[in-house]
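Subject: Structure for your review

Dear colleague,

Please find below the structure that I am handing over to you. A summary of the findings follows it.

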Amino acid sequence: MTTATAIAHANIALIKYWGKRNKALNLPATGSLSLTLNALTTQTTVSFSDDLAADQIELNQQSLSTQTSAQRISDFIDLMYQTIHGSLDNTDQQRPYAIIRSNNNFPTAAGLASSASGFAALTMAVNGALNASLDNAQLSMLARRGSGSAARSIFGGFVEMSYGQREDGLDCIAHPLQPAEHWPLQLLIAITDTGIKKISSTDGMQSTTDSSPYYSAWVEGAETDLSDAREAIANRDFDALATVTEFSTLKMHASALAAQPGVIYWNAATLAAMHCIRQLRSEGIPVCFTMDAGPQVKAVCTEQAVEQVSQALRSIPGVVDIIHSTLGPAAYLQESH
Ligand code: PMV
């Protein structure tokens, strides 16, 4: 039995990834830029054994609920095994099965990037359990195959994901842009619904790509947004970052809303939180919003603004909880033997 445990943190994109240029290889149509979050972690242990007849997968102490999600994880481990050990075309070269135990310290599949931290932690743990020595760029490329945003959770602080030029995706990798210490931004996540989201990000982006008349405009604007965000981060210019962050998230949602049928992730409290954040900013408080494929609102602010923003969000009807996070570190191997 060879075992490894890895920790990875969720991340939140300021410049969003929404749409794929290659579905099979999970290649994004645009680059993206994110913050890795200290407070949202996944811990995953992978133990390979020759005595197992199938993979055994547990998420948050429960056997994985659907066959599709279990298959997605087994397929991903197949892919990693093939990458590390060469092709498994030779059918008698079956990989050993594994026990996989993964725990999130935050709601799963609720638009809080659990697939990002989940696949990043799984990638690290499989690498450790197989005694492989893939570097972070290779791990990022592999994590992307599990979930596009997972490629970014391999790194800490401010992270950029390149959409890459190559058809095979070998240059479609995330890289660290600035360490967390560069600018100690804070995140306050207003939870407006703890249920499982109704439309997964994969389905939402597919439907946007296939049917939204705004999809091409969304893709065309991404490079400019990325360069504006890079510059704002380099200069620690909050107003510039707020402008481009809200621009990116609103364009992503606008393109999804215009799909047929429209993909609507927001509820009444989502919208109220957005207005509240805009009001605070108009009063001079450095805060802006971003939302993903779910109804939670993520407020990005400076250290000094945390208390005020937190209080204002808490008073909104429908906001059931607030999670506070600082910027977090890269994914790491906790133990392996
Ligand atoms: O990694 P996925 O396939 O769950 O897609 C993530 C999509 C967004 O969270 C909406 C945006 C992003 O860049 O994280």
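The notes below cover the nonpolar cores and then the internal cavity.

This is a predicted model, in which local features need pLDDT of at least 70 and side-chain atom pairs count only at pLDDT 80 or more, while totals for chains, interfaces and linings use all residues. Residues are numbered from 1 along each chain as its sequence is written, and side-chain values use heavy atoms, without hydrogens and water.

A nonpolar core here is a set of buried Ala, Val, Leu, Ile, Met, Phe, Trp, Tyr and Cys residues joined through side-chain atoms within 4.5 Å, where buried means under 20% relative accessible area with a 1.4 Å probe, protein chains only. The largest such core has 39 residues, and Val46, Phe48, Ile73, Ile77, Ile100, Leu122 and Val126 touch the most other members. Elements giving two or more residues to this core include β1 (2-15), β4 (32-49), α1 (67-85) and α2 (114-129); α2 gives the most, with eight residues. Helices (H or I, at least four residues) and strands (E, at least two) are DSSP runs, numbered from the N terminus.

Beyond its neighbours within four places in sequence, Val46 is in contact (heavy atoms within 4.5 Å) with residues including Thr2, Ala98, Ile100, Leu122 and Val126. A second, separate core of 29 residues includes Ala180, Trp183, Phe238 and Ile323.

A cavity is a set of points on a 1 Å grid over the protein atoms alone where a 1.4 Å probe fits but cannot get out; lining residues have an atom within 4 Å of a point. There is one cavity of 30 Å³ or more, and the volume of the largest is about 30 Å³, taken as the space filled by probe spheres set on the points, which are joined across faces, edges and corners. Its lining consists of Asn11, Ile12, Leu37, Leu40, Leu112, Ala113, Ile189 and Lys298, with β1 and β4 each giving two or more residues.

Yours sincerely

Conventions:
Buried < 20%, exposed > 50% of the residue type's maximum accessible area, 1.4 Å probe, protein only. 1 Å grid on protein atoms, 1.4 Å probe; cavity = no way out; pocket = protein on both sides within 12 Å on 5 of 7 lines; lining within 4 Å.
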